[in-house]
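Please work through the exercises below with the sequence and the model side by side. Each task is followed by a solution that goes step by step.

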Amino acid sequence: MKRIFFIVVTCLFFVSFLSAQLKINAGAGINVSNLKYDNFQIDEQISPAANYFISVRPEIGILDKLSVGVDVQLSRKGYLVDNATDSTPSAYRLQYFDVLPQAQYRFINAAAIYAGLGVGFRLSEKAKFNDTWQNTVTKFSNKTDVSYIFGLRFFPMDKLSAHIQVSGSLGSFSDIEWTNDFGEIIDVSTKLQNFQLGVTYQI
């Protein structure tokens, strides 16, 4: 009986502790994305495109200045093709469900640094032809995109924060096999890079 009582009290203690440390943050902002090719020269002239994201980030404090969290985002990314013709797309747009575990260190009261690894699950891929967005028949991107994240978070007032974040693909972004003029397979690496500005509010 004493052992059961002790277990119940211990469980209640940990539940109350986690509840006190748990914070839920909701936010939104802009993505500025670009596609980078390594080991390959392409004819397309690619430039960044601006899109949006919305997010929810549960966060638990571990130590006085250290916390961990998982930023869950519905995030639109993409890029522009500046030299497109009537038969080629002028832009690509991708919708992701991003899960971004991260650790944060608040080095001063008004600012924190954070980093982590994340995975994006592609929900849709569209290409723009003659000012009309169309679902791509053959997908250019992989179904998932594993990436690093690194950012700064600022706390201008109680419950309100803003962040600057950079991220990039760790694996190859595209799901295409590349060949040279002789039909030989070549190793081409494509990386989706993203710069994010956002504002969050603690619920």
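**Exercise 1: Following the strand pairing**

Task: determine how strand β3 and strand β4 run relative to each other, and how many bridges join them.

Solution: strand β3 (residues 66-81) and strand β4 (residues 91-108) run antiparallel and are joined by 15 bridges; strands here are DSSP runs of E with at least two residues, helices are runs of H or I with at least four, and both are numbered from the N terminus. Two strands pair if DSSP finds at least two bridges between them. As a step down to single residues, Leu66 can be located opposite Tyr105 in β4.

The next step moves to the other partner of interest, since β4 also pairs with strand β5 (residues 111-129), in the antiparallel sense and over 14 bridges. In this pairing Phe97 faces Phe121 of β5, and the connection from β4 to β5 is a hairpin through 2 residues.

A note on the basis of these values: this is a predicted model, in which residues are numbered from 1 along each chain as its sequence is written, local features need pLDDT of at least 70, and side-chain atom pairs count only at pLDDT 80 or more. Totals for chains, interfaces and linings use all residues, while side-chain values use heavy atoms, with hydrogens and water left out.

**Exercise 2: Describing the whole chain**

Task: state which secondary structure elements the chain contains, and what share of its residues count as buried.

Solution: the chain has 1 helix and 11 strands, and along the sequence the helix is followed by the strands, in the pattern α-β-β-β-β-β-β-β-β-β-β-β. Of its 203 residues, 35% count as buried, where buried means under 20% relative accessible area, exposed over 50%, and partly exposed in between, with a 1.4 Å probe and protein chains only. For contacts (heavy atoms within 4.5 Å) with a separation of 6 or more, 62% come from residues 24 or more positions apart.

**Exercise 3: Positive phi in the loops**

Task: for Asn130 and Lys159, find where each residue lies and decide whether each is exposed or partly exposed.

Solution: begin with Asn130, which is found in the loop between β5 and β6 (132-135) and has a phi near 50 degrees, a positive value in a residue other than glycine. Asn130 has a relative accessible area of 53% and is therefore exposed.

Lys159 lies in the loop between β7 (144-157) and β8 (160-169), and its phi, near 75 degrees, is likewise a positive value in a residue other than glycine. With a relative accessible area of 38%, Lys159 is partly exposed.
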